[in-house]
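Welcome, and take your time with this one. Have the sequence and the 3D view side by side as you read.

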Amino acid sequence: MTDFTIPAEMRALTLSGTGIEHLKVERIPTPRPGPNQLLARVDAAGICTSLIKLIDQGPAHSYVYGRDIARYPLILGDEGAVTLVEVGEGLRDRYRPGERYVIQPAVDHPPINFRERYRDNGRGVQKLGVGYSLPGHLAEYILIQEEILAAGCLLSLPSPDMAAAHVAMSEPLSCVISAQDHHMHLVQSKPLEPRSVVKGLRPGGVTVIMGAGAMGRMHVELALSYRPRVIICSDLISERLDIVQRLFGARAAQLGVALHVVNSAETDLKALIDQVTDFRGADDVIVAVGSARAIETAQTYVGRGAVLNLFGGLKRGQDIVGFDTTTIHYKEINVTGSSGGSPWDVARTLELMAAGEVDAGNHITRIGDLEHAPAFLDMIRAQTLDGKAVVYPHRRTAEILSVPRWTAEDERRYLQTA
């Protein structure tokens, strides 16, 4: 798509109040960039589960900062791939129309624009969010404001021919990159040598991933890049485990990684971990489900010097869990967590994609039009969407596609038939 003609209006998914009844796809004026801003066409956008929380909380959401969204509606969408179509006059020495980018949505910068729209004129606000306080990707065009550029959140692609849908998946995958990068193992090769730190999952170790949903599967794929000796993925739903085996079984075997998929309702997960570790316990345990019981159980799986990662968040009011302090103390384990990523995490994700270490298409199971975004959110709320949904805002279609995975060639054919 090379036509950079900018229409007077565009379609966008907006939120103008608290609750699903205030969510709609509507036509709004297409923004035009100021001297130090950019306008980009949204080539593909992902549907993030975090939008449910935003819709339910409205202006009370922590990233909205009390904005009057009835007067200034939000344009949703924190995952996307974009192409520049108009460059502000102050940036024409750095950017050109036609260049492709991805935006890291967690913008560590105070507001420069529209401070009057925030509570107390934005006093104390230090972090903005694309699709929250800044315009999002669930629209035909997105305004890239000064805050994004100042925070280093506009990232070029390592390869110009990357599929737009895959680029859009770099944000959720970057959250997994960040999570696994938080793993720190203290290593002491000899008793009289100082300890050193090994960052990430332990190579040659045993990794346990609890949860085989969309994010759990991303953890499995990225865990392979660390080359552990064993990966155990557990879930209560066998169909999800079948997907893990289908997507990653052959690659794991090729890399010499023993991949076990376990229905923990039918198989004693602790016994399997004891078997593959000779009762020493796992080196890395990632809880990729929002379950207090899973967190408490995971503590029994860790070995000495292990890392326990609480990746799946719990609902407020249900987020206090019990910890076995004896395990933490005597096994000297590290308990960690992460919330989102940084520009580096997105850049690293793109590098892994370009190198063939990560195939973002493995995680895409629904394809649609911008008009389908509310339906996808309904599926997420009803827990009937297993995998990631991607919309192409500039392609009009009546049907939602259900796909086992989505390749670059699939995207090329799909867009050619628009």
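Let us begin with strands: helices (H or I, at least four residues) and strands (E, at least two) are DSSP runs, numbered from the N terminus. Two strands pair if DSSP finds at least two bridges between them. This is a predicted model, in which local features need pLDDT of at least 70 and side-chain atom pairs count only at pLDDT 80 or more, while totals for chains, interfaces and linings use all residues. Residues are numbered from 1 along each chain as its sequence is written, and side-chain values use heavy atoms, with hydrogens and water left out.

**A small sheet**

In strand S4, Ile75 is the bridge partner of Thr14. Strand S1 (residues 9-15) pairs with S4 in the antiparallel sense over two bridges. Both belong to an open sheet of three strands, with antiparallel pairing and the order S2-S1-S4. Its edge strands are S2 (23-29) and S4 (74-75), each of which pairs on one side only.

**Two glutamates**

Buried means under 20% relative accessible area, exposed means over 50%, and partly exposed lies in between (1.4 Å probe, protein chains only). Glu79, in strand S5 (residues 79-87), is called buried because its relative accessibility is 1%. Contact means heavy atoms within 4.5 Å. Setting aside neighbours within four places in sequence, the contacts of Glu79 include Cys48, His137 and Lys388. The C-alpha atoms of Glu79 and Val197 are separated by 33 Å, and these residues are 118 apart along the chain.

Glu147 sits in helix H2 (residues 146-150). A salt bridge is a side-chain nitrogen of Lys or Arg within 4 Å of a carboxyl oxygen of Asp or Glu. Which side chain of opposite charge is nearest to Glu147? Arg115 is, at 7.5 Å, and Glu147 is buried without a salt bridge. Lys and Arg count as positive and Asp and Glu as negative, with His and the chain ends not counted. Not counting residues up to four places away in sequence, Glu147 touches several residues, among them Val107, His109 and Leu134.

**Two positive phi values**

Most residues other than glycine have a negative phi. Here are two non-glycine residues with a positive value.

| Residue | Phi | Loop between | Relative accessible area |
|---|---|---|---|
| Asp120 | near 55° | strand S7 (106-107) and strand S8 (128-129) | 46%, partly exposed |
| Gln383 | about 60° | helix H11 (373-382) and strand S20 (388-391) | 71%, exposed |
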